[in-house]
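Me: I have a model open and would like to understand the labels people put on its parts. Could you go through them with me?

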Amino acid sequence: MRQASRRDQDRPTAGRNLLYSGAALCLALGIFALDVMSPLQGAVAVLYTIVVVILARQGSRLLVLVACGVCVCLAISGYVISHGNDPLAGPTMRLAVSLVAIVLTGLLSASQISAARARRGADARYATIFDAAGFPIWETDWSPAYRLLQHDPVPGMEAVRQAAAGARVRNANLQAGRLFGYDSGAALIGQSVSMHFAAGAEAAQAALYRGLRAGLSPVEVEAQFVTRAGETVEAVLRASLPPDSRDWSRVLVTAIDVTERNRAQRRLAQSHAELAHISRVTTLGEIAASIAHEVNQPLAAVITYAKSGRRWLAREAPDAAEVRDCLDQIAHNGSRAAGVIAGIRGLARKSDPQPAPISLEDVFAETSAMLAPEMRATGTTVRASLPRDLPRVLADRVQIQQVMMNLLLNASQAMAATPLGQRRIDVSAFTDGHFVEMVIRDHGGGLGGRDPEALFRPFFTTKPEGMGMGLTICRSILEQHGGTLVAEAVPQGGLAMRFRLPESDSREGPTP
Amino acid sequence: MKTAPSEAPQGCISVIDDDPELCRSIGSLLRAMGYEVRLFGCTRDFLAAPPPGPTGCLLLDIRLSGENGLDFQEELNALPEAMPVILMTGHGDIPMTVRGMRAGAIDVLPKPFDEDQLLEAISAALEADAELRAQAALLAGLQRRYDQLTPRERQVMALVVTGLMNKQVAAHLELSEITVKIHRGNVMRKMAAQSLADLVRMAEQLGVRDATISRYSI
């Protein structure tokens, strides 16, 4: 049976098959005649195997088996005609041998036909998958790169560029063509994808080469390309080596277009940063009164010292020591006011998060200094016991300051009903070798039996004018830094907020 | 009325402000003005310190850490350490000012101070303190003299200052008129009263007039 889905060469093949069949028929008849009529004392019937082999070329199991049966019949008929009355002797043996040969040939040909058909089926399915896949896929010849890496395991960028330019696409599907801005996959065939590399894509290509050479298959990297129309696309490339492609002459590359995904991620990160900024400014608004006080105090001191200095000078016996003290204090208080303002400006500034190794101890010191007037006004004492050798964490300074500020303010506000002498916030920190954990504990009313997770739900608030976003945003800030934030009720009363951040040197390699 | 002379600044100014820098700056300015200064970070320290010798006043910050200056001002009025109070505020509002002035503050000064305003407030406060002290001294003298009277003399004094005549007093106390006259003479001498009007004023200050009695209600 021929498969209807084979290619266009079917018609000429049909004609040739007819020819082969005719030839086989003539041959079979010729052999029969030779067997019956010639006086040859050989196993002429063995020649029927040629008939079977010829017909096997047509690729039909049924035809082969029928031909095999016919040949067996002809061989037996020939024997009966020639030696029908002879006793069982040499000719019978020869017949037996011939029959075995014909049957074996027939069976072997039949199984070969089955195997070939299976292989053709697999090839066809492969081609179907290749063409119909919804994502770009191409087969390429990377043997120049293979040779390059044989010579130089750590090639320079220029060498990689040349090797990539020497690659040739063997086959590509429609999606692959579209990825680079063509109407079909065929446009890529015979070319090198490297002409679409965006700046820096060689590094990704080199990473693919290194991965394959290290025996990894498949290897994945993200790279940027420029389409024919000049647009930039970002794709995750996945190269895998088929088992029979030792010299990288056939490497299968698939790509996933992540341009849209990356764009969405960037937008998401941007709105996260904006939300964090809004929340930061809102928090600053909450403590605006105490900040104004904090700035006003040193300014008032500066002015008072200035007036005082003038009076000391105007006395009948000017007192130089007192005047010097006034001037020193003016400078000191002036810098104090400037420091407060610098801290606020840092918090209010709108900038993208810039992760860097920071010391939680320093950030805490800054934050608690900024909140000191607020804490004084509410009669809250902050008791911190932070180890001196706390490892640094990789995080954005302003955002972590924001988290601490929120947690400290929440803790202080949670103790509004606590007797004055007991309004205390305990701050501690420790490391487990991978994460630094900081615990901010108040002595307020605790959770009142509520689920600690409820605190992190958006719009959850216990404050009359609260927005209920503070803790939600704190948690998302920490999660973006690879950390966590949890709340837990303290059995002795109060609430402990624990946040963790990864240590800056425990991270392998650069962050994506 | 006697008032303390105020030509040369003198007196001890106590300052309570929770901001040590600002507290010191006020101290420097007041010392430059010639006053004696005591600085405190909180009200507890102020109450724990020995009272100042000469006349004084208190410069009190309204916003103290963990406590309210206005509350302390009201508490202070009932204490023996009471002295005139000038309130200071970094960001005063009207309700605070009204409350402070009602509780008897000399002035409410916004920080940073206007020097003239500060000087004026301080001299007013010191004057008020001097007057307070003078009155207290006067009252203490009167009280001392009153303490020297015998119980009978006090009874006679209480009745005499209501305007009763000697014989009415005598009838009231069941004494002879002569005896009342002798007691009355002793009262006038011991109290150093120049006239009956003088004695009446003293009785008013001491609060010893028998309010249940009047000349016409016997």
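Me: How far apart do the C-alpha centres of domain 1 and domain 2 of chain B lie?

Reply: Happy to help, and please keep in mind that this is a predicted model. Those two centres in chain B are 43 Å apart. The domain assignment places domain 1 at 12-142 and domain 2 at 148-206 in chain B.

Me: What makes strand β6 of chain B count as enclosed?

Reply: Buried means under 20% relative accessible area. Five of the five residues of β6 (85-89) in chain B are buried, so the strand is largely enclosed by the rest of the structure. Both faces take part: B:Val85, B:Leu87 and B:Thr89 point one way, B:Ile86 and B:Met88 point the other way, and all are buried.

Me: How do you know which strands pair with β6 of chain B, and in which sense?

Reply: Pairing needs at least two bridges. Strand β3 (residues 56-61) of chain B shares four bridges with β6(B), in the parallel sense. Strand β7 (residues 107-110) of chain B is also joined to β6(B) by four bridges and runs parallel to it. Both pairings therefore meet the requirement of at least two bridges. B:Ile86 appears in both: B:Leu59 stands opposite B:Ile86, and so does B:Asp107 in β7(B).

Me: Why is the sheet in chain A, β7-β9-β10-β12-β11, said to have edges?

Reply: This is an open sheet of five strands with mixed pairing. β7 (381-385) and β11 (484-489) of chain A each have a single partner strand, so one side of each is left without a neighbour in the sheet. From one strand to the next, the twist averages 15°. Inside the sheet, β9 (residues 424-431) and β10 (residues 435-441) of chain A run antiparallel and are joined by six bridges, with A:Thr431 opposite A:Val436.

Me: What packs on that sheet in chain A?

Reply: Helix α13 (residues 397-414) of chain A does, touching β9, β10, β11 and β12 (495-502), and its direction makes about 170° with that of β12(A). Helix α14 (residues 470-480) of chain A touches β11 and β12, at about 135° to the direction of β11(A).

Me: Which residues touch the most other members of the largest nonpolar core?

Reply: That core has 50 residues, and A:Leu360, A:Ile400, A:Leu485 and A:Phe499 touch the most other members. Helix α13(A) gives the largest share, nine residues. Leaving out residues up to four places away in sequence, A:Ile400 touches A:Ile358, A:Leu360, A:Val363, A:Ala395, A:Leu478, A:His481 and A:Leu501. There is also a second, separate core of 36 residues, which includes A:Ala176, A:Val219, A:Trp248 and A:Val251.

Me: How do you know that A:Cys68 and B:Cys12 are in no disulfide?

Reply: A disulfide needs two cysteine sulfur atoms within 2.5 Å, and a search of the whole structure finds zero over all chains. For A:Cys68, the nearest cysteine sulfur is that of A:Cys71, 7.0 Å away. For B:Cys12, the nearest is that of B:Cys57, at 8.7 Å. Neither distance is within 2.5 Å, so neither cysteine is in a disulfide.

Me: And why is each of A:Cys68 and B:Cys12 called buried?

Reply: The cut-off is under 20% relative accessible area. A:Cys68 has 8%, so A:Cys68 counts as buried. B:Cys12 has 0% relative accessibility, and therefore B:Cys12 is buried too.

How values were computed
Residues are numbered from 1 along each chain as its sequence is written. Chains are lettered from A and ligands numbered from 1 in the order in which they are written. This is a predicted model: local features need pLDDT of at least 70, side-chain atom pairs count only at pLDDT 80 or more; totals for chains, interfaces and linings use all residues. Side-chain values use heavy atoms; hydrogens and water are left out. Axes are lines fitted to C-alpha atoms, for helices over the stretch in contact, and angles run from 0 to 180 degrees between N-to-C directions. Contact means heavy atoms within 4.5 Å. Domain bounds come from an automatic or database domain assignment. Buried means under 20% relative accessible area, exposed over 50%, partly exposed in between (1.4 Å probe, protein chains only). A nonpolar core is a set of buried Ala, Val, Leu, Ile, Met, Phe, Trp, Tyr and Cys residues joined through side-chain atoms within 4.5 Å.
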